[in-house]
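Please open the structure in your viewer and keep the selection tool at hand. The tour below goes from one selection to the next.

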Amino acid sequence: MNITFSKLAIPAQGAAVVVVSEGGKLGPVAAKLDKQTRGTLSRAMKAAEFTGKREKALSVVAPAGSKLDRIVLIGVGNIKTLDAVAAERLGAVTYDNVARDAAVTVIFENASGNLAADFVGGVLQKSYRFTKYLTKEDKDSKPKLKTLVVQTDNPAEAKKRLGTVQAVADGIFLTRDLVTEPPNVIYPESFVARAKDLAKDGVKVEALGEAAMKKLGMGALLGVGQGSDKESQLLVMRWDGAKNKSDAPVVIIGKGVTFDTGGISLKPPAGMWDMKWDMGGAGVVVGLMRALARRKAPVNVVGLCGLVENMPDGNAQRPGDVVTSASGQTIEVLNTDAEGRLVLADVLWYAQQKFKPRAMVDLATLTGAIIAALSEHYAGLFSNNDDLSAKLVAAGQAVGERLWRLPMGDEYDRDLKSPIADMKNIGGPRAGSITAAQFLQRFVNKDVPWAHLDIAGVVWNEKPSTLAAGGSTGYGVRLLNRFIADNYEK
Ligand code: BES
Ligand code: MN
Ligand code: ZN
């Protein structure tokens, strides 16, 4: 898609999108277009009872004599309350209405250049499709949109912001690709191979295989992967964008279980295919690294992904096995389906030993219980640090990817007591998301600000949402990009 910004004027051809305020109010340029078409817009609004309510749309055929093909009215509601999140959503709604037009001009009156750029962010996000395995694509549903012009009072401001918007969209697309790929295509080594593409953006990418992880004593992570033919991997990505390359980095960690059968504690067959997206946390980390690199973020960030496949097999770990983690702590594995925390335990330890992080945030599709608690509307936040929590919640609010903090404490931690090892990998039947977080916290030093985001409910949407067609959402890329931009960049 070719995207440009220009000054406000009646478009010469193609489809025109007119942004309409509450009460059917048109801006000066739109009013002129209405006059030129002898009241076509006002008559259409009246006939269809279109009042400019936010995110409502009305398509009008341009009258004979007009050089335009059609005019699409998009309601913006009270434009004074239009913020970045609302502008992005408006862009996505617009995309849904003009995807089958080749050339589209948006008359975006009475809004800043920045909002015009955020609007484009929504257009881009909604334009994502994953069609590589379709051999017969339905021609009637294939999008045609090639050139998009967004008119605004301040095209220079919009243009300046577009670089960031595009970088973040690129990151989201990469995350969505990785998460949507089937599990025979994406497994630990092929995931690493995809991430190596980031070298072109200036990210340093390395991976540790099983031999290297064995040397580091990563018995918890390796135990999960031992029933799989695929070799487990620890992916290490570095973006050193700060002036001072030796500034302590922010470390972002992703759970990358490329398929979670449950292992010997096998999951039931219905819906098991969902577990192809059990690498959603790792997918976000890779997409985030792309976004940071492409917008040349002035900050040092390390991205780590623990990549394993959890399979049942003659060599798989058994319920009851005791493994020794890299931290030295022993774990009784009572349920091989509580594998994400085993993977993260060793990656969290590695992050602290190797990088001395300023702050450490992990993302994981860790528990079904978080879906029961929050559905798809919020991700769960767990942390040892109030300030870090507040920063994450604020970033989520700013981009519309919301977080809800849940409690932690010794009373929950007690559930992890094992009679024969330092801990077991499952708690009792209650508060499963919290006991999972307590398990992770046992691998975090008290003086390291750490947060855990349980994203099991937000990685995948069965139904289309405003910003995504359904399937992988890319949730987390915008959130962490904003969190880093607002708090760690100079
Ligand atoms: N990957 C799952 C969690 C999950 C479930 C994510 C459904 C998305 C949708 C995780 O590895 C898991 O199996 N967790 C268990 C933990 C239990 C055995 C303590 C769960 O939540 O049931
Ligand atoms: Mn599991
Ligand atoms: Zn899992």
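Which residue in S6 is the bridge partner of valine 106? Bear in mind, as you look, that this is a predicted model. Select valine 106 together with valine 150, and you have the pair in question, since valine 150 is the partner in S6.

Now widen the selection to the whole of strand S5, residues 103–107, and strand S6, residues 147–151, which run parallel and are joined by 5 bridges. To follow the chain from S5 to S6, add helix H4, residues 113–126, through which the chain passes in a right-handed β-α-β crossover.

Next, select strand S2, residues 14–21, which pairs with S5 in the parallel sense over 4 bridges; here you can find alanine 16 standing opposite threonine 105 of S5. Strand S5 itself is mostly covered, with 4 of its 5 residues buried.

Then move to the manganese ion (ligand 2) and select its protein donors, which come from Asp260 (OD), Asp337 (O and OD) and Glu339 (OE) and lie 2.0 to 2.2 Å from the ion. The site has 6 donor atoms, and with angles of 70 to 164° among them it is irregular.

Add the zinc ion (ligand 3), which lies 3.2 Å from the manganese ion (ligand 2), and notice that aspartate 260 bridges the two. Aspartate 260 sits in strand S9 (residues 250–260), whereas glutamate 339, 79 residues apart from it, lies in the loop between strand S12 (330–333) and helix H10 (340–355), and this pair links distant parts of the chain. Finally, show the surface around aspartate 260 and glutamate 339, both of which are buried.

Definitions and conventions:
Residues numbered from 1 in each chain as written. Chains lettered and ligands numbered in written order. Predicted model: local features only at pLDDT ≥ 70, side-chain atom pairs only at ≥ 80, totals over all residues. Heavy atoms only, no water. Donors = N, O, S within 2.8 Å, 3.2 Å for Na, K, Ca; no water. Tetrahedral: all angles 85-135°; square planar, octahedral: opposite > 155°, others 65-115°. Helix = DSSP H or I, 4+ residues; strand = E, 2+ residues; numbered from the N terminus. Buried < 20%, exposed > 50% of the residue type's maximum accessible area, 1.4 Å probe, protein only. Pairing = 2+ DSSP bridges. Right-handed = clockwise from strand over helix to strand, strands pointing away.
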